[in-house]
Amino acid sequence: MKIVCIGRNYADHIAELHNETPAAPVIFMKPETALLQRSQPFFIPAFSQDIHHEIELVLRVCKNGRHIDEQFAHTYFDGIGLGVDFTARDLQSELKKKGLPWELAKAFDGSAPVSEDFIPAIEFTDFAAINFRLEIGGIVRQQGNSGLMLHPFVKIISFVSQYITLKQGDLIFTGTPAGVAAVQAGDELIGFIENKEMLRVRIK
Ligand code: MG
């Protein structure tokens with residue numbers, strides 16, 4: 001399986017990192033080894049002094065497809081979960097400055113904790129009205145609503161599948177809202193979709 005991620009999909013997050021708003025979705029990938037096994041802690045890697053949390057809604061792909069038309073794209077995912085796109089921001093800034101790919105900053109081991117449970121897609125009445133948030137120590141650090149995405153789920157699926165075949169079991173990270181910041185050893189990240197706790201990650 002693979003993890004496809006969308007960057008720069010929320011205007012407030014684009015603004016906080018002083019990035020340009022892209023016309024087309026910005027895509028990058030994480031390998032299977034980035035998945036953080038359920039309830040495993042996240043160990044801050046030695047190569048970064050600035051690991052940021054990025055809370056994101058995650059789509060679970062339920063069938064194989066390529067060149068998917070937007071009008072059928074909703075049939076290609078069957079669950080919505082929550083994940084953290086851990087990012088070595090210091091490393092990413094250096095790579096961006098040099099115009100180099102982001103992989104080392106984004107795709108490292110354990111950089112993708114994903115909720116064990118996915119909420120069945122059919123339980124949502126509106127994919128453009130899903131609230132999610134990240135809390136650390138009881139304080140809300142990030143909150144988002146899928147209606148604020150620049151590229152909605154169906155657009156992402158259609159766009160990615162023009163280039164890369166989606167396969168059953170793939171995961172799609174759909175972008176993070178504002179509020180990204182560094183994690184510290186001892187933090188416990190708790191993620192929610194609406195008021196349902198989906199994810200807990202201890203930082204070591
Ligand atoms: Mg992200």
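This passage describes aromatic ring pairs, charges over rings and unusual backbone angles in a predicted model.

A search of the whole structure turns up 10 aromatic pairs. A good place to begin is with F42 and F86, whose ring centres are 4.0 Å apart. Their planes meet at 25 degrees, so this pair is classed as stacked, given that planes under 30 degrees apart count as such. F42 belongs to the loop between β3 (35-36) and β4 (51-53), while F86 belongs to the loop between β6 (77-84) and β7 (87-88), so the contact ties together parts of the chain that are 44 residues apart in sequence. Both F42 and F86 are buried.

A second pair, F47 with F108, has another geometry: the ring centres lie 5.4 Å apart and the planes are at 75 degrees, so the arrangement is edge-to-face. Here too, distant parts of the chain are linked, with F47 in the loop between β3 and β4 and F108 in the loop between α3 (103-106) and β8 (112-113), 61 residues apart. The two partners can also be described by their accessibility. F108 counts as buried because its relative accessibility is 9%, and the cut-off for that class is under 20%. F47, at 41% relative accessibility, counts as partly exposed. Taken together, F42, F47, F86 and F108 are joined by ring pairs into a cluster.

Aromatic rings also meet charged side chains in this model, as two examples show. The charged end of K63 is placed over the ring of Y76, at 4.5 Å from the ring centre. In the other example, R133 has its charged end over the ring of F192, and the distance to the centre of that ring is 4.1 Å.

Turning to the backbone, two residues deserve a look for their phi angles. H18 is not a glycine, yet it has a positive phi of about 55 degrees. H18 sits in the loop between α1 (11-16) and β2 (26-30). With a relative accessible area of 73%, H18 is classed as exposed, since that label applies over 50%. E194, likewise not a glycine, has a positive phi of about 50 degrees. The loop that holds E194 runs between β14 (188-193) and β15 (196-202). E194 has a relative accessibility of 37% and therefore counts as partly exposed.

Note on methods: Residues are numbered from 1 along each chain as its sequence is written. This is a predicted model: local features need pLDDT of at least 70, side-chain atom pairs count only at pLDDT 80 or more; totals for chains, interfaces and linings use all residues. Side-chain values use heavy atoms; hydrogens and water are left out. Rings of Phe, Tyr and Trp (its six-membered ring) pair if their centres lie within 6.5 Å; planes under 30 degrees apart count as stacked, over 60 as edge-to-face and the rest as tilted. Helices (H or I, at least four residues) and strands (E, at least two) are DSSP runs, numbered from the N terminus. Buried means under 20% relative accessible area, exposed over 50%, partly exposed in between (1.4 Å probe, protein chains only). A charge sits over a ring if NZ of Lys or CZ of Arg is within 6 Å of the ring centre and within 35 degrees of the ring normal.
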